[in-house]
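Q: I am new to this structure and would be grateful for a close look at its sheet. Please explain how the strands are arranged and what surrounds them.

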Amino acid sequence: MKYPADQMEFEEMFKSEQDCIDYLVSLRWPNGFECPQCGSIRFWKKNKGRYECCDCHKETSITNNTMFHKSTKPLLIWFHAIWWMVAQKNGVSAKGLQKVLGLGSYQTAWTWLHKFRRLMVLSGRSKLDGIVEVDEVFVGGKTTGKRGRGAEGKSIIAVAIEVKGRKTGRVRLEKITDASASSLKDFIERNIEPLSTIITDGWPSYSELEELGYKHKIQKSTVKEENEEVLPNVHRVASLLKRWLLGTHQSYLNKNKLGYYLDEYVFRYNRRTSNSRGLLFMRLLEQAVITEPVTYDRIIKENHGY
């Protein structure tokens, strides 16, 4: 499947609404049209990306029951929005997107970005494996303190990152309720393959990892310094995350939506070495045509985290 290699190719590939329709058709129905109601492959092609099944006469469109469902905005604008989001190394704020696209409403830009974040947890992604550092960090708030203390107003984030010698591999981030054994066990089992070696500090909540089928290594401090980073890879990721939240979003985000921002950060971090923004653009569109539509009201009400 072809995708744009750069900005110039993007503009060349998507000059019109029909170009966008044709591209979505190739993603949604790579083997040809299939009626969503009866499965028939016989159809009449209508205008504006609409199709009518020859057998059951069900009429559908290329955007029906996708992320673009019932949108009044042209696909060309949607494509530009997705391209702009993935083309920017550190992402884009709703205010920035509104300005670039000339959208009349900040609410529209904010809603679109949240829709895009829902596409960033790719279906069928594999768990982390090998050697993995795991720890918790605090994000937000004005107070400081160690785990469980001085954390008023903060969100606690579980971090897991693959260690590849002196380099790091993929990362997983999740907002959790607390640093209890139950919360951390659920996070680890969702995100790390059994038999992997998990490196943690001496926090008691990690004491049962071997019973769950993992190899467990406790990393202890070698010098008596209060601020020493026992798990440097985790804390490097946490530092980059905080700078990203502050730099791109000025830390102005709803705590109940923090999980979606973490999903975006994971998507970007795990693809930091990718040379092709176009491939990321295509991956989001692939998700867009298989993802059920979500309304602004639902986005406002949903709580992604705790």
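A: The following account begins with the chain as a whole, turns to the sheet and the helices beside it, and ends with other parts of the model.

This is a predicted model. The protein chain contains 10 helices and 8 strands. Its C-alpha atoms occupy a box of roughly 75 × 40 × 35 Å along the principal axes. Of its 306 residues, 44% count as buried. Among contacts between residues at least 6 apart in sequence, 59% join residues at least 24 apart.

The sheet is open and has 5 strands, arranged in the order β6-β5-β4-β7-β8 with mixed pairing. The edges are formed by β6 (167-176) and β8 (215-218); each has a single partner strand, so one side of each lacks a neighbour in the sheet. From one strand to the next, the twist averages 25°.

Strand β4 spans residues 131-139, and 8 of its 9 residues are buried, so the rest of the structure largely encloses this strand. Strands of a sheet pair through backbone hydrogen bonds, in either a parallel or an antiparallel sense. With strand β7 (residues 197-200), β4 runs parallel, and the two are joined by 3 bridges. Within this pairing, Val132 has Ile198 of β7 as its bridge partner, and Glu133 has Ile199 of β7. With strand β5 (residues 155-164), β4 pairs in the antiparallel sense over 8 bridges. Here the bridge partner of Glu136 is Ala158 in β5.

Strand β5 is also paired with β6, again in the antiparallel sense and over 8 bridges. One of the bridges links Lys164 to Lys167 of β6. The two strands form a hairpin with 2 residues between them, and Gly165 in the turn has a positive phi of about 70°. Although β6 stands at an edge of the sheet, 8 of its 10 residues are buried, so β6 is largely enclosed by the rest of the structure.

Two helices lie against this part of the sheet. Helix α7 (residues 232-249) packs on the sheet and touches β4, β5 and β6, its direction making about 40° with that of β4. Helix α8 (residues 258-269) lies across β5 and β6 and runs at about 175° to β6.

The two helices also meet each other. Two packed helices are described by the angle between their axes and the distance between the axes. The axes of α7 and α8 come within 11 Å and cross at roughly 115°; α7 and α8 are therefore roughly perpendicular to each other. The crossing in which α7 passes α8 is right-handed. On the α7 side, the contact is made by Val237, Leu240, Leu241, Trp244, Leu245 and His249, and on the α8 side by Tyr261, Leu262, Glu264, Tyr265, Arg268 and Tyr269.

The helix pair α4 and α5 may be described in similar terms. Helix α4 (residues 94-101) packs against helix α5 (residues 106-117) at an angle of about 115°, with the axes 8 Å apart. This makes α4 roughly perpendicular to α5. Their crossing is right-handed. Residues in the contact include Leu97, Gln98 and Leu101 of α4 and Trp110, Trp112 and Leu113 of α5.

The nonpolar cores complete the picture. In soluble globular proteins, nonpolar side chains tend to be buried together. The largest nonpolar core in this model has 67 residues, and those with the most contacts inside it are Tyr23, Phe68, Phe79, Phe116, Leu173, Phe281 and Leu285. Helix α3 (residues 75-87) supplies the largest share of this core, namely 8 residues. Not counting residues up to four places away in sequence, Phe68 touches Leu24, Thr63, Leu75, Trp78, Ile82, Leu285 and Ala288. Another core, of 17 residues, lies apart from the largest one, and Phe138, Ile176, Ile198 and Tyr206 are among its members. Of these, Ile198 was named above as the bridge partner of Val132.

A residue elsewhere in the chain may be set beside these. Lys15 lies in the loop between α1 (7-13) and α2 (17-28). This residue is exposed, with a relative accessible area of 55%. Lys15 and Tyr206 are 191 residues apart along the chain, and their C-alpha atoms are separated by 54 Å.

Definitions and conventions: Residues numbered from 1 in each chain as written. Predicted model: local features only at pLDDT ≥ 70, side-chain atom pairs only at ≥ 80, totals over all residues. Heavy atoms only, no water. Buried < 20%, exposed > 50% of the residue type's maximum accessible area, 1.4 Å probe, protein only. Helix = DSSP H or I, 4+ residues; strand = E, 2+ residues; numbered from the N terminus. Pairing = 2+ DSSP bridges. Core = buried A, V, L, I, M, F, W, Y, C linked by side-chain atoms within 4.5 Å. Contact = heavy atoms within 4.5 Å. Axes fitted to C-alpha atoms, helices over the stretch in contact; angles between N-to-C directions. Parallel < 35°, antiparallel > 145°, perpendicular 65-115°, else oblique. Left-handed = near helix turned anticlockwise from the far one by under 90°.
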